[in-house]
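Ready for some practice with a protein model? Grab a pencil, look over the picture, and try each exercise before you read its solution.

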Amino acid sequence: MSPPPDNFYADWRPRFGVGNVLRDENDPPPEHLLQAIWRHQRLRRDRLQTADGKSVRVLHPGFVSVEGGPDFRGAVIQIGDAAPCSGDVEIDLRVNGWRAHGHDRNPDFKNVLLHVVWDNVGVHALASAKPPAQPGSACPIHRRTIPQRGIELQPLPPTLVVNDKLDAPIAELGLWLENESPRVLPENLRGQCCVVLRELDETRQGRILDSAARVRFQAKAGLFRARARHAGWEQALWEGLFRALGYKHNIWPMQNLAELRPRWTRGADPAFALQARLFGISGLLPVELPRAQAGSDGYLRRIWDCWWRERDEFSDCILPRAVWKFHGLRPANHPQRRLALAAHWLAAGNLIQKLERWCASSIGEGRCDGDAGISRTATRPSSQALVDSLRKILEVERDEFWSWHWTFRSARLKKPQPLLGDARVTDLAVNVILPWLWTRAAEGKNGRLQRVIEHRYAVWPQAEDNSILKLARQRLLGVGRSRALRSASAQQGLIQITRDFCAHSNAVCENCRFPELARSWSANPET
Ligand code: SF4
């Protein structure tokens, strides 16, 4: 689209290279533009056909994947006469990208329904004996490591070539889509419940979220109760804490370590000795430091000296390093650092007593009047006071090594960094500490304490944002931010709705009862 001659601003853009996504008209567009075209379906949708001539009906293009793997997850697509299927979509500029990027060797790509490509250049090369990318090397485009040998090859999914199916010239699409954030869900891809929820005022939205959050809280509490029956309350708490320290990537190796706690805590009191055992058993102890850090490896050497003497005793329970996931981890969430922190908690030996005292004390929450309970209109300072008070219990004043390093291999930091930030304190509170304390209070028939804990859960400030919440906010509430999501419990409620309803439906909300339930509740919210 040429700019109108009298529009000086439009004239600046090509002259100064602003928004010039296509340097040469014969070049394929950048992959992010092709992804935006797919996401917004800027295609002549009635003409879509696979390379082998089957019609393609896109019922939903899927949701942008933010955690690696195929570009779009949960698309709903009908190919030829087959029934519509839910699965993933991978976008590549060229058809040979399937092999060149190692997708054929990556099990994450086994649910790809459709391979969307710009043109069919390379299709013949793909059919010929072109060697696949070297296993173990990094894919130059996606910067993901191509898995090692021994993994089943994923067959090439049906291919859809789109360069002749655009609904407008590529330069015009580039102008429209270049500023599109891939994180913003287009209006027409929102969930069917979005209309209903958006019509509710903030209070009613909040009531739905709070009710869902209570279900989630009680489910977590039930998990602790069940585990405590077999392993005791203390062990159930430690397993919860370790799982939470594993964040989403490393929950299971952390759980495994926590299950072995009675064994590896025996006879190792100082934090340093516990760190040595935990690093050794976890399989996270590096064999050697790179040469550049040879001068600062005293800590690692001492850890090795300590672990060396005990290794045989624990040889049957050492985890293989391969069970840990490091892709996409922030340095502060590295499991080595989390284990160092847990070792301090265990060495102190009084964490549980401190948590119980914290639970029984009043922290700017006003009064709790017996059966009348506590008003839920807590002020912001009291919410932050809760976080501060719990952080004081959980934080470690200083660790000789881990206050100064993100991992064993990282260089010494200029300033010491805390082993625990507010975001992790909130995760631990909402997912572990409050549900554990609440279910203990319930077992002890202490209704007053239960209400104190429920109040803390209800007013705890919001947790760190994540990709699940971002998508849920846009899909269900139709907003990037929401006042109804100011607390961690409201966020938990939203996650619970997605688990209960979205996870049992598909991207087009097939057979989902939530819109109908929300609509009928909103007509009579006192029921
Ligand atoms: S599946 Fe149900 S809850 Fe999820 S977005 Fe669709 S209508 Fe809403």
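**Exercise 1.** Find the residues in contact with Val 425, leaving aside neighbours within four places in sequence.

*Solution.* Start with the list: Val 425 is in contact (heavy atoms within 4.5 Å) with Val 387, Leu 390, Arg 391, Leu 420 and Trp 460. Next, take one of these partners, Val 387: it sits 38 residues from Val 425 in sequence, yet their C-alpha atoms are 6.9 Å apart in space.

A word on the ground rules: this is a predicted model, where local features need pLDDT of at least 70 and side-chain atom pairs count only at pLDDT 80 or more, while totals for chains, interfaces and linings use all residues. Residues are numbered from 1 along each chain as its sequence is written, and side-chain values use heavy atoms, with hydrogens and water left out.

**Exercise 2.** Work out whether Val 425 is buried or exposed.

*Solution.* First, the cut-offs: buried means under 20% relative accessible area and exposed over 50%, with partly exposed in between (1.4 Å probe, protein chains only). Now the value: Val 425 has a relative accessible area of 0%, so Val 425 is buried.

**Exercise 3.** Follow the contacts of Trp 460, again skipping neighbours within four places in sequence.

*Solution.* Val 425 turns up here too, and the other partners include Trp 358, Leu 386, Val 387 and Leu 390. Further along the list you'll meet Ser 487 and Ala 488, among others.
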